[in-house]
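Please read the following report with the model open beside you, and look up each residue as it comes up in the text. The report moves from the surface to a sheet and then to the interior.

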Amino acid sequence: MSGYVARLTFLCSMAIAFGAAAPAQQRTQLKAPWNMYSPQTDVQVGKQNALLMEKRLPLCNDPKVDQYLTMLGMRLVSKLPTRGVEYPWEFHCVNDKSINAFALPGGFVFVNRGAIEVADNEAQLAAVMAHELSHVALRHGTAQASKAQLAQGAAGVFGGLFGGSTGGALLTEGVALGAGGLLLRYSRGAETQADVMGTQVLYDAGYDPRAMAQFFEKLEGETKGKNPPQFLSDHPNPDNRVERVDEEIDKLGGPPANAKRDSAEFEAIKREVLALPVVKKIAPVTAAAGAATPPPPASSRFAEYQGSSFHLKYPDNWGETDSDGGASFAPAGGVVQGANGEGALAYGMIASVTPAAVDSNDSNALAAATQQLIQSLQKSNPNLRVRQQPAPVRLNGQPALSTYLTNDSPIGGLETDWLITVMHPSGLLSFLCVAPQATYSDYDKTFSAILDSVRLAQ
């Protein structure tokens, strides 16, 4: 391990010595898009998705390849403008012959063997990785989630959990399982930003930045007479892509002197990858295919969550994702890919505040607001049914309503949805507990323990 760290430190120091950056006034100044989430949320969402990816993708499982990708990636990261945010960078090789790569929010990078095999040299592979790293630095994934949430509105949080919207699914765990999900579905403008920043990173790391345009030209050549490479399918091709990269290279003053293009390490790793056995792709988990059941929440230790409207405790082996005004909590594997290709909560809890269009002084305000929420859910979930009408309960000493619903589960069959609602100065505070009917009893005690721990902010 010490030799690996020493080698990684040496390579990073070499990257710093590859040449000075072009004057700031010459290069394009990039501004990250508006984002309602914190960088810490990027890491939380990315980490949980990365764990799921590692279980569902056919990884190469070759230490030499992953070590090489890590060294190359960290060489590029040393020149990446992360605005002071430190990400827990991870790099993985996927045993998939399709030409593709993607980076989850928070710095979890997956590179298909197909991208390594098609690259002519290390600079071209570095170009692919620099493009993906730029998406992380510009926080395009959660920026896309922010746009979806803004468009969907607060009621959409729950609609997404039931499989009816992408915005809500994002807020449960962020989760977009696979490169086609919402967290990785970028606009052409975002792709242009990643191209430009990636070109700058290549230049600053001492690589020939022309490799960026060369790789895109190579991909476009692959489209003739056949389906486009997966990279172009997952990354919308901006207009004049190659020309924009060339324009940025001119702004940088052309390729740096003694620009690095290839290495003996890359050629050795490419031979290593070509020799790997081809692994059959694992089909994504869908509502029709079913999903593996996560282990019951057996942890007796609890972590704490402090939000603006409430405080609670949840099992320390569950994941937490914070969002504006609420949060979601789920065990590993609790969020699956639904039939529509988006993430959907199958096991877990989400808490949210929904603006209530009712008179807070009305004695029936809680019942009216709860009914409005249920009706909103039913608009996007036609099979959602009320199994037990709202019944009065107490939550942290406050009057609340308990409603049991049923709906189609994203893993197939029916699920039980326990909805607890309570009025709060900020709106209708809702806690939604979700699990398939067949296994709901395994989670009922945990849901009750979480709700018993809730403390409402004044």
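In this predicted model, E217 is found in helix α10, and α10 covers residues 210–222. With a relative accessible area of 43%, E217 is partly exposed, because partly exposed residues are those that fall between the limit for buried, under 20%, and the limit for exposed, over 50%.

E217 also belongs to a negative surface patch, which is formed by E217 together with E220, E243, D246 and D250. Which helices each supply at least two residues of this negative patch? They are α10, at 210–222, and α12, at 241–251. Of the contributors, α12 gives the most to the negative patch, with 3 residues.

The next topic is a sheet. Three strands make up an open sheet in the order β4-β5-β15, and their pairing is antiparallel. The edge strands of this sheet are β4, at residues 302–306, and β15, at residues 455–456, since each of them pairs on one side only. Between β4 and β5, which covers residues 310–315, there are 5 bridges, and the two strands run antiparallel. One pairing can be followed residue by residue: Y305 has L312 as its bridge partner in β5. The strands β4 and β5 also form a hairpin, in which 3 residues lie between them. As a general point for looking at any sheet, the side chains of a regular strand alternate between its two faces.

The last topic is a pair of helix residues. Is G198 buried or exposed? G198, which has its place in helix α9, residues 188–204, counts as buried, because its relative accessibility is 0% and the limit for buried is under 20%. The same limit applies to D42, which lies in helix α2, residues 39–56, and D42 therefore counts as buried at 1% relative accessibility.

Both residues can also be described by a partner from another part of the chain, and the table gives, for each pair, the separation along the sequence and the distance between C-alpha atoms.

| Pair | Separation in sequence | C-alpha to C-alpha distance |
|---|---|---|
| G198 and S134 | 64 residues | 5.9 Å |
| D42 and G141 | 99 residues | 8.1 Å |

To read the rows in words, G198 and S134 are 64 residues apart in sequence, yet 5.9 Å apart in space, while D42 and G141 are 99 residues apart along the chain, with their C-alpha atoms separated by 8.1 Å.

Key:
Residues are numbered from 1 along each chain as its sequence is written. This is a predicted model: local features need pLDDT of at least 70, side-chain atom pairs count only at pLDDT 80 or more; totals for chains, interfaces and linings use all residues. Side-chain values use heavy atoms; hydrogens and water are left out. Patches are made of residues with over 30% relative accessible area and no salt bridge: like charges are joined within 9 Å, nonpolar side chains (Val, Leu, Ile, Met, Phe, Trp, Tyr) within 5 Å. Accessible areas come from the Shrake-Rupley method with a 1.4 Å probe; for residues, only the protein chains shown count as cover. A salt bridge is a side-chain nitrogen of Lys or Arg within 4 Å of a carboxyl oxygen of Asp or Glu. Lys and Arg count as positive and Asp and Glu as negative; His and the chain ends are not counted. The place of a charge is taken as NZ of Lys, CZ of Arg, CG of Asp or CD of Glu. Helices (H or I, at least four residues) and strands (E, at least two) are DSSP runs, numbered from the N terminus. Buried means under 20% relative accessible area, exposed over 50%, partly exposed in between (1.4 Å probe, protein chains only). Two strands pair if DSSP finds at least two bridges between them.
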